Amino acid sequence: MIFAIFAPLLLAFIIPLLSKWKHKVHTGWLILPIPFAVFLYFLQYVGADFQPQMVSVDWIPSLDIALSFHLDGLSLLFALLISGIGTLVVLYSIYYLDHKEQLGHFYTYLYIFMTAMLGVVLSDNVFGLYAFWEFTSISSFLLIGYWHHRERSRYGALKSMLITVFGGFSLLAGIILLSIVTGTTSIQGMVEQSDVIVNSEYFPFILIFLLLGAFTKSAQFPFHIWLPDAMEAPTPVSAYLHSATMVKAGIYLMARFSPILAGEPYVFIALSLFGLVTLTWGSYMAVRQTDLKGILAFSTISQLGMIMAMLGFGTKVALFAAVFHILNHATFKGSLFMIAGIVDHETGSRDIRKLGGLFTFMPISATLAIFGTFSMAGVPLPFLNGFYSKEMFFQASLDNTASGAFAETLVTIIPVLAVVGSIFTFIYSMYLFFNTFTGKSQVDELPKHPHEAPKMMLVPPFILVLGVLIIGLFPTIFNESLITHAADAVYGGEANKEIYFWHGLIPAFYMSIAVVVIGAIMYLTKSKWSGVYQILPGRLSMNRVYDWIVEKSETASQRITNTYMTGSLRQYMVLLLTAITVIVSGVLVKTSGINFDMAETASITTTEVIVTLLIAVAAIATIFARNRIAIILIVGVVGYGLAILFVLYRAPDLALTQLIVETVTVTLFMLCFYHLPNLKKDTSSWFTKSTNVIISVAFGLLMMVIGISAYNSRSFDTIAQYFIDNTYKLGGGDNMVNVILVDFRGIDTLFEVAVLFGAALAIIGMIKLRRNKGAN
């Protein structure tokens, strides 16, 4: 399982090498087998006798963080969607993206995202989930901004990054509180302690943080504004990220924690209310769009709102319908995004006002679009999977019970909002299909003469539409082998439900008929009432709010930054040393870390006092010296004096090391500073000099206190005995200091040498630069 999760990421490292042959073989063909192999791996678990699987590898054991992966019905459903649709997207992109594009970048980002999504849905450790969660934000940012030469692509990528990363930080806060309350980082362990979580004083904060994480990722109102702008990405990205995978990460999060949250009044109110508002607003705004992908973007928002609302209902029927619709939505919406990309690819336009009559030129694409749009609309036909889950949604909207004035009111308006949102869903579905493929042809206004797409480009949407039909005709097959297991995982128990096309003349069926009838009438009379968009939203826009927040944040940040980023090195050092002194001193006082116990110290001899005074005098003398060479020599006195102290304290090895380091350092610095002018007389004000003295003395005293306290404190067992016991045994040497430096601290020593090497290169560069200036 671990290899299946990380296989796309491992391949991502070599994709840039494979892309060198893109002019001979499209990079997509070379990497297509990997997601397909991952799909086949997870496909083997599908079946009525499926049993959850668990695998774990220690990551950070000291913090109880492991790469733990749990495959149950819910994660299996998502893993199949991620790998299966990922395979189709790669195949589709082979014909969508020309070999002149930066294919290495595109497929690298895509495969990083694939691993990130697999990690999200399979992680059992909450911190592992968070790590993968943020990788989805980063990789989606790169994919949305793939055409970075376009301003709108950069804008959409940044907007998605800011909103989803904000939600990611909120999620991190929530899982930290969950781990504190439960004492575990395992999601399954948290589910087992659901009562502890719900009764905790931190539960309101946990709920808010988790909701913010889920709402931002799954484009719930009012955080939905990033999704339409993300449509600037190439269509394969839209078909993958924004219909089947990334936008469902928030849905997955709520579904995964549903056994903990379901049944709580505030959860019911929050998810149901925001879900239904998102459903209604998204479907309402979709009718207003003129860009094909814009329509599909808002339709995705509305569909995600419907799923979120069903998770909020929390009943068996609602949770089963939510899981079922996750599968259905991935099939019909993925196919529609691909059809929209085909229309754009073959006509040069996505503007629905310029399209029309394309059925004649693109009969196969139009036929596939019929099944996708009618399934999305929930048209009651037995071969469309969208109707099944839509009718279950209506049934679930009628079965809610709740206590409390607001909750009871919400229960009464839930069916109304469900119908209203579904009516607009029907309208934008008909609008999408008929205004694109029927009516009068406007070939002269299109950049390209329309024609049917290449056959292989039609294969991915054909397979997805085939999924729509097979699920619609044989839902029981998918129910017993996949959907039931996923619904059980969400419900936290048995949530089995049979899927039937005909349930009799029940209220849910009447609601479906009402949607079709009213939706058809409103679609045919769209020109009569479309003026309502001038009133609502009119000039109101959440995008304006977002732009205002970003603009004001940048302005405020710039003003704050300008107060201390003045270009003055002295000011930087003053701020840095003051902050260190204040913070560290506060911590020492707060934790009683100051320890001046001198009971075990040796007596001080006259020779040691003289050497120490010499070092102190030399250090103070550096302040008053004006010649750079003199300063280096005086600093050398400090270093050589320290070597003498090592000798006096019977540490000849350290003394030799200090002598070598000091000699090399003094030599290098003398070589460097010899070519620089002498220092100028300090003309700073009395206040500046006083500030320098105060900060220097305070920081020096702090270092002294830390050194003495560290010597006297014994929070941990000393490591000295370990070196004594293992110097010869493990290091193979009798000189303990050398063995420590070369073997036990080999990497540290290597980096110390690298620092000296880097300093030498810098010195050589400075000398050459000065010589070149002199020559000019």
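This is a short exchange about cavities, a core and one loop residue in a predicted model.

Modeller: Local features need pLDDT of at least 70, side-chain atom pairs need 80 or more, and totals for chains, interfaces and linings use all residues. Numbering runs from 1 along each chain as its sequence is written, and side-chain values use heavy atoms, without hydrogens or water.

Colleague: Why is Thr184 called buried?

Modeller: Its relative accessible area is 16%. Buried means under 20%, exposed over 50%, partly exposed in between (1.4 Å probe, protein chains only). So Thr184 counts as buried.

Colleague: What makes the link from the Thr184 side chain to Ser186 a polar contact?

Modeller: The side chain reaches the backbone nitrogen of Ser186 at 3.1 Å. A polar contact is a pair of N or O atoms within 3.5 Å; within protein, one must be able to donate a hydrogen and the other to accept it, and residues adjacent in sequence count only if both atoms are side-chain atoms. The distance therefore falls inside the cut-off.

Colleague: How do you know which residues Phe42 is in contact with?

Modeller: Contact means heavy atoms within 4.5 Å. Leaving aside neighbours within four places in sequence, Phe42 meets that with Ala4, Leu71, Leu76, Ala79, Leu80, Leu118 and Leu122.

Colleague: What makes up the lining of the largest cavity: nonpolar, polar or charged residues?

Modeller: It has 10 nonpolar, two polar and no charged residues. Ala, Val, Leu, Ile, Met, Phe, Trp, Tyr, Cys and Pro count as nonpolar, Asp, Glu, Lys and Arg as charged, and the others, Gly among them, as polar. Leu292 and Phe437 are among the lining residues, so both count as nonpolar.

Technical notes. 1 Å grid on protein atoms, 1.4 Å probe; cavity = no way out; pocket = protein on both sides within 12 Å on 5 of 7 lines; lining within 4 Å.
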